Amino acid sequence: MLLDEIIKVSPLESVNMECKARLNRDDTEGWLKTIAGFSNAEGGTLFIGVEDKSNKLLGFSRKDADNERNFFNNQINEHIFPRPTFRISFIPYAVRDTELFVIRVDVSASPVKPIVLKYKNVPSIYMRRDGFTNGATYEEIIEMSIKSRNTQFDVLDSDEKYERGNFQTLLSFFSEHNSGAELTDKALLSMGFFTKDNILKNGAVLFSDSYSGEKTQVQCSVFSGLSKGSERIVTINRFNGNLIDSVSFMMEFVKLRMNHGIKKLAGSRENLDAYPERALFEGVINAVAHRDYFLDGTQIQVDMFKDRLEISSPGSFYQGEKIGKTYELSNIISKRRNELICAVLVKCNVMEAAGTGFDKIIAEYADADENHKPYIFSLSDHFTLVLPDLTYSDGIKDDSVPNVEFEPVSGGSEHDERILAFCYKDARKVSEIAAYLGIADSSYFRKHILENLVNQGYLLTEKISNARAYRSNRENVRLV
């Protein structure tokens, strides 16, 4: 018996239909790709209990169908983020008076894209095209992000109910920054912290005392020198907890480890901290407020170097420009990615009601020289605030890119020299190279400029966190 004998479907798999005899327990990635691909495209239907080549019905007993459905749900919850929208139904049919079932999964096109499949701790994005599921191209990922409905993670309903006793850390934080005042339930309700039915929003859950999930993960590191690549790591501390405790953790980590000095003034001396507390606090709050909480498996990173502090937050500026590097912090305009989280921080009097709070950072560094000016850069997957160490006399000097020489590249581009210089000391990802050059990370850039250098032996390829990276081939590229 065939599938089209019990339900009206195409006799062959199509762009929006696929069949599986059973869900593979040993390699779940194969069929999970299909669900993620449907969600990132126009939706589709997966039939389970149907031979994929012939559409022949294999079916399940009622008990086995229940088990297969439960396994499906558990794997989706564990591996695909955000959770795709789908509906599961059982299609009954009979063989020799025995009732059997085919499982039908109707997957909707996700309003929030891209949908990410995380398998063996490796996040991937898939797209359904012409009856096949493959990795999404860079252009498809960008298009998904642009066309995706502007739904913010923090304002979506959670599965948890509001109980005031679960938010003592937040209530104390509010009181501390508002002269002992009380944060009322009425105020929380008015800002959308929970619904009239007492259902918490996703962003509200991240403030609960007991939260310890990956959404708020923080990693703080100290490096002995000026870079990550060749310097010894002195310490790495990781933290999972609610948003308020995350802020406290980052602040204490830096304050306990930063340098202190003395600034000589006319007739007196002034104690000098490596990082002004107000600038540090604004940087930490900004990272928490504008983090992309849809991105699982990521973390806020606080990295301390000999000459600077870097605070990196997952996700580029939300609906803002992608910038390689700028000292003009006050000119940066970025729409808030997390309206509820920002509203809570504003209510707690630790964040500006408008703007990014960068003006306070600029004010703290107003008397610093050019080598001690803070700056920020934003790439496609993160943004980073850099605070110079005011006790490090040399400041931050951009001497990491050397001068190089090489034979002319056949069919080369105007960017070749800068690329080979930038990649001489360290392997660089495509996004880093494009940002350094100030150009778009496009297919043309990858295929016609970078690959041309690879094919002619000027660049070597390697992997950095499963991403392709490029390093100059020192047999053909030499220091001047």
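Contact here means heavy atoms within 4.5 Å. Keep that in mind, because this cut-off decides which neighbours I list for F193. One caution as well: this is a predicted model.

Let's start inside. F193 touches Y162, F167, L170, L188 and L200. The list goes on with K201, A204, F207, L340 and V344. Residues up to four places away in sequence are not counted there.

Where does F193 sit? F193 belongs to the largest nonpolar core, which has 69 residues. Seven members touch the most others in that core: L170, F193, F207, M250, V254, Y275 and L309. L170 and F207 also appear in the list of residues that F193 touches. There is a second, separate core too. That one has 22 residues, including L23, A36, V107 and I115. As general background, nonpolar side chains tend to be buried together in soluble globular proteins.

Next, a sheet. It is open, with four strands in the order 1-2-5-4 and mixed pairing. Which strands stand at the edges? Strand 1, residues 17-20, and strand 4, residues 86-95, do. Each has a single partner strand, so one side of each is left without a neighbour in the sheet. From one strand to the next, the twist averages 20 degrees.

Look at strand 4 again. Strand 4 runs antiparallel to strand 5, residues 98-107, and 10 bridges join the two. Within that pair, Y93 stands opposite L100 in strand 5. Now add a helix. Helix 2, residues 62-79, lies across strand 2 (44-48), strand 4 and strand 5. Helix 2 runs at about 160 degrees to strand 4.

On to a helix pair. Helix 12 covers residues 430-437, and helix 13 covers 443-455. They pack at an angle of about 85 degrees, with their axes 12 Å apart. That angle makes helix 12 roughly perpendicular to helix 13. Who makes the contact? From helix 12 come V430, I433, A434 and L437. From helix 13 come F445, R446 and L450. What is the mix? Six of the contact residues are nonpolar, none is polar and one is charged.

Last stop, S393. Find S393 in the loop between strand 19 (382-388) and strand 20 (404-405). Buried or exposed? S393 counts as exposed, because its relative accessibility is 66% and the cut-off for exposed is over 50%. S393 and H372 are 21 residues apart along the chain. Their C-alpha atoms are separated by 8.8 Å.

Note on methods:
Residues numbered from 1 in each chain as written. Predicted model: local features only at pLDDT ≥ 70, side-chain atom pairs only at ≥ 80, totals over all residues. Heavy atoms only, no water. Core = buried A, V, L, I, M, F, W, Y, C linked by side-chain atoms within 4.5 Å. Buried < 20%, exposed > 50% of the residue type's maximum accessible area, 1.4 Å probe, protein only. Axes fitted to C-alpha atoms, helices over the stretch in contact; angles between N-to-C directions. Parallel < 35°, antiparallel > 145°, perpendicular 65-115°, else oblique. Nonpolar A, V, L, I, M, F, W, Y, C, P; charged D, E, K, R; others polar. Pairing = 2+ DSSP bridges.
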